[in-house]
Amino acid sequence: MGKITGFMEFDRKAPEKEIVADRLKHSGEFVKPLTDDELNRQAARCMDCGIPFCHSGCPLGNVIPEFNDAVYKGKWEEAYEILSSTNNFPEFTGRICPAPCESACVLGINRSPVSIEEIEKHIAEIAYKKGYAKARPVLISSGKSVAIVGSGPAGLAAAAQLSKAGHQVTVFEREDKPGGLLRYGIPDFKLDKWVIDRKIRIMEEEGVNFICNTEVGKDVTAKDLNAFDAVVLAGGSTIPRDLPIPGRDAKGVHFAMDFLKQQNKRVGNSTFDDEDILATNKHVVVIGGGDTGSDCVGTSNRHGAKSVTQFELMFQPPASRTEAMPWPTYPILLKTTTSHEEGCERYWSVNTKEFIADENGKLKALKVVDLEWEKDKLGRPVKFTEIEGSEREIPCELVLLAMGFLHPQHEGLLNQLGLEYDQRGNVKAQEGSYQTSADKIFVAGDMRRGQSLVVWAISEGRECARKVDEFLMGVSELETKDALPVV
């Protein structure tokens, strides 16, 4: 699609960013938009590839060649209609999605893939500017009510779809503002919170009711949910993976999400009761090499950390695909984020053995050891052994544990409902359905599938909404990825 020869004529161009010295002075977004000409050329790179593997790479099934073609031709309303038909929140995914669609792009076999994520972001922002992104209230009510517990990406997607189907939707959120992980997990420099507020206003105009500062299972009991015709649980995977080694109780060891959540509240002028977790003038070590760890790096640099170091237990990923990561699968490659560019020492194959505290119980160092990994024929990890003589101490006053999440919080609502859990501790849903073991209770997002991507959470919320609609009405006209036309 786009220009037939565009992929041969134009190279991929990344948007410009503020220089590091300037962007570290504030907490907002720092990526500059592409010009109209640059955007046109990036859309022109989309090939007439016959079989668009990008569709299968996207958890939402976005119809990517079609909206690229519309962008190339300057048909912005058409581009937005195509994109929003499968994605309720392109303004979010265009900023924070790791773009598995780009990994599946046919052009990516031997060249840089099409800039799908950046184009998606521009479609959304231009749609707001031109007035295409606006509230579309449903005129006919179904007479059914749905409660959604959690206002993260899965809960918001389910709410948007169920409201679209004519149901009265109430979203419960235990924090002071809606957005869940989007608001209190992802730093403002990646996703400014006015972007969330803008979308929430539209959803409210469409009839969605948000009730914040309310924890279901405590302020609202499981019994209170009986007043609704259906309930969607979308509380996310919130129990972090700990590192129970000697010295774990040292002052200065914190979970990454506590650090990030507090910073987002600080920037958003929301109050919090906990003691400040600040990286200012400290040697900071982030344990965990994923996106959450990267977010801790960027936040620590904005605090003015003395140094920032990131450890990863696994070995360093390759820079390009291997036999174990054939196209069009999503590859695990070495990723250098904008936060890493701002200043960070990165080490792989490192295991933390002990947190060392001073006489006052404050963290002063880590004891670490290097690892040697045994790999199979395809380069995949099998097991590791410690390298003799590599044990050493690293000066450190703040450790941020960014090692992922285990499962949702069982205490409270989930146990009150008497739900079944799977072997990983996630809420178990019936096969081929999003319905739990309890009557009229559904589950979506990380609470069902485990820790995953924001784009997967949106997909889960949309698919779950269709199942809820079918449960309430017998049939559903809501879009589903599996029912998209073949193009």
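Here is a short chat about some local features of this predicted model.

User: Let's start with helix α5. Is this helix, residues 64-72, largely enclosed or not, and how many of its residues are buried?

Analyst: Buried here means under 20% relative accessible area. Among the buried residues of α5 are Ile 64, Phe 67 and Val 71. The helix is largely enclosed by the rest of the structure, because the buried count is 7 of the 9 residues.

User: What covers the buried residues of α5?

Analyst: The residues needing cover include Pro 65, Asn 68, Asp 69 and Ala 70. Their cover comes from other helices, including α3 (36-44), α4 (54-57), α6 (76-84), α8 (100-103) and α9 (116-130).

User: Which residue with a positive phi follows α5?

Analyst: Most residues other than glycine have a negative phi. The residue after α5 is a glycine, with phi near 75°. That's Gly 74.

User: Ala 99 has a positive phi too. Is Ala 99 buried or exposed?

Analyst: Ala 99 isn't a glycine, yet its phi is about 60°. You'll find Ala 99 in the loop between α7 (90-96) and α8. Its relative accessible area is 5%, and the cut-off for buried is under 20%. So Ala 99 is buried.

User: What about Lys 440: where is it, and what is its relative accessible area?

Analyst: Lys 440 sits in the loop between α16 (413-417) and β16 (441-443). It has a positive phi of about 60° despite not being a glycine. Lys 440 also counts as buried, with a relative accessible area of 16%.

User: Which two residues does a cis peptide bond join?

Analyst: Most peptide bonds are trans. The cis one here has an omega of about 5°, and its proline lies in the loop between β8 (307-312) and α15 (338-341). The two residues are Trp 327 and Pro 328.

User: Where does negative charge gather in a patch on the surface?

Analyst: One member, Asp 273, is in the loop between α13 (256-267) and β7 (283-287). Asp 273 counts as exposed, because its relative accessibility is 83%. The full patch is Asp 258, Asp 273, Asp 274 and Glu 275.

User: Last one: which residues does Asn 351 touch, leaving out those up to four places away in sequence?

Analyst: Asn 351 is part of strand β10, residues 350-357. At 18% relative accessibility, Asn 351 is counted as buried. The residues it touches are Leu 313, Lys 367, Val 368, Val 369, Leu 371 and Glu 386.

Notes. Residues are numbered from 1 along each chain as its sequence is written. This is a predicted model: local features need pLDDT of at least 70, side-chain atom pairs count only at pLDDT 80 or more; totals for chains, interfaces and linings use all residues. Side-chain values use heavy atoms; hydrogens and water are left out. Patches are made of residues with over 30% relative accessible area and no salt bridge: like charges are joined within 9 Å, nonpolar side chains (Val, Leu, Ile, Met, Phe, Trp, Tyr) within 5 Å. Accessible areas come from the Shrake-Rupley method with a 1.4 Å probe; for residues, only the protein chains shown count as cover. A salt bridge is a side-chain nitrogen of Lys or Arg within 4 Å of a carboxyl oxygen of Asp or Glu. Lys and Arg count as positive and Asp and Glu as negative; His and the chain ends are not counted. The place of a charge is taken as NZ of Lys, CZ of Arg, CG of Asp or CD of Glu. Helices (H or I, at least four residues) and strands (E, at least two) are DSSP runs, numbered from the N terminus. Buried means under 20% relative accessible area, exposed over 50%, partly exposed in between (1.4 Å probe, protein chains only). Contact means heavy atoms within 4.5 Å.
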